[in-house]
Amino acid sequence: MPCGQFVVSASVLDAPTAFLADVSDRFYTQVLAWLLLAAGIYFTVGTRCVQLRLFGRMIATIARSRSNTAGGISAFQAFTVGLASRVGTGNIVGVAIAITLGGPGAVFWMWVVALVGMATGFVESTLAQMYKVASPDGTFRGGPAYYISRGLGSRFWGRSLPSSLPSSLASPTRPPRPTPSLARWRGPSGSTGG
C-alpha cells in the first residue's frame with residue numbers, strides 16, 4: 001500500500017450504511033408522508049379550503065394575463081414557472097409506478113394528497129411573497145430561507161437551509177432496494193419483480 005493512502009474495508013462501512021438506510025426508510029415512509037399529509041390538512045382547514053374556494057378566480061386570472069405587466073412577468077408565466085419547478089421526472093415516473101403497483105385506488109389517493117398539497121403550496125408561496133426582500137435594482141429575492149429567517153426570526157435556521165442543500169445533493173446515496181410489495185409483483189412474463 002502506498003504511503004499516505006487510507007483504505008477502509010467495505011465490511012467496516014456495512015453496519016453504518018445499513019443503519020442509515022433503515023433510518024431513512026422509516027423516516028420517509030412512516031414519518032414524512034404522514035407529516036406532510038397532516039400539514040396539508042391543517043393548511044386546508046386554516047385557509048378555509050383555499051384550493052377549492054378560489055379555483056375559479058385562479059383560472060380566470062391565468063386566462064386573462066398572457067402579457068408582461070410593467071416589466072415583470074404575467075400570472076400565466078408565474079404559473080408555468082411554478083408548475084415546472086414542482087413537476088419533475090420523479091413525479092411522472094412515480095405516478096406510473098403507483099398505478100402499476102397500486103391500481104385504480106392509487107389514482108384516488110394521489111388526487112386526495114394533491115388536493116391537500118395545494119394548500120401547502122399556497123401557504124409556501126404566500127410566505128415567500130410576504131417575506132421577500134427588495135434589492136436596490138428593483139428586483140426581489142425570497143424563498144424558504146427568507147421566510148424562515150424573517151418570519152420565524154431564526155437567522156440560524158434561515159442560513160442552515162441553503163447551507164445544507166448543496167451537501168445533501170452532493171452526498172452519495174445508496175442504490176434503491178426493492179420494497180416488499182415490489183418483490184411480490186409478477187411481471188407480464190410471470191417472473192417476480194424482485
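**View 1. The loop between α1 and α2 holds Cys49 and Arg48.** This view comes from a predicted model, in which local features need pLDDT of at least 70, side-chain atom pairs count only at pLDDT 80 or more, and totals for chains, interfaces and linings use all residues. Residues are numbered from 1 along each chain as its sequence is written, and side-chain values use heavy atoms, with hydrogens and water left out. Helices (DSSP runs of H or I, at least four residues) and strands (runs of E, at least two) are numbered from the N terminus. Cys49 is not a glycine, yet its phi is positive, near 60°. Arg48, also not a glycine, has a positive phi of about 55°. Most residues other than glycine have a negative phi. With a relative accessible area of 26%, Cys49 is partly exposed, while Arg48 is exposed at 60%. Here buried means under 20% relative accessible area, exposed means over 50%, and partly exposed lies in between (1.4 Å probe, protein chains only).

**View 2. Arg26 and Asp22 form a salt bridge in helix α1.** A salt bridge is a side-chain nitrogen of Lys or Arg within 4 Å of a carboxyl oxygen of Asp or Glu. By this rule the count comes to one. The N to O distance between Arg26 and Asp22 is 3.2 Å. The two residues are separated by about one helical turn, because they stand four residues apart in helix α1 (residues 10-46). Arg26 is partly exposed, with a relative accessible area of 45%; Asp22 is also partly exposed, at 35%.

**View 3. Val116 in helix α6 is buried.** Helix α6 covers residues 104-130, and the relative accessibility of Val116 is 13%. Contact means heavy atoms within 4.5 Å. Leaving aside neighbours within four places in sequence, Val116 is in contact with Leu37, Gly40, Ile41, Thr44 and Gln51. The C-alpha atoms of Val116 and Ala38 are 8.9 Å apart, although 78 residues separate the two along the chain.

**View 4. Ile92 belongs to a nonpolar patch on the surface.** The other members are Phe79, Leu83 and Val87, and the four residues together have about 360 Å² of accessible area. Patches are made of residues with over 30% relative accessible area and no salt bridge; like charges are joined within 9 Å, and nonpolar side chains (Val, Leu, Ile, Met, Phe, Trp, Tyr) within 5 Å. Accessible areas come from the Shrake-Rupley method with a 1.4 Å probe, and for residues only the protein chains shown count as cover. Ile92 is exposed, with a relative accessible area of 56%.

**View 5. Helix α5 (residues 89-102) carries Ile92.** From its first C-alpha to its last, α5 reaches 19 Å with 14 residues, close to the 20 Å expected at 1.5 Å a residue. The expected span is 1.5 Å times one less than the number of residues. Gly103 follows α5 and has a positive phi, near 75°.

**View 6. Helix α9 (residues 180-184) has the lowest mean pLDDT among the elements of the protein chain, 46.** pLDDT is the predictor's confidence in each residue, from 0 to 100. Helix α2 (residues 50-53) has the highest mean, 94. Over residues 180-187 the pLDDT stays under 50, and the model has 13 contacts beyond four places in sequence for them. Residues 189-194 are also below 50, with ten contacts beyond near neighbours in sequence. Where pLDDT is low, the predicted coordinates should not be read in detail.
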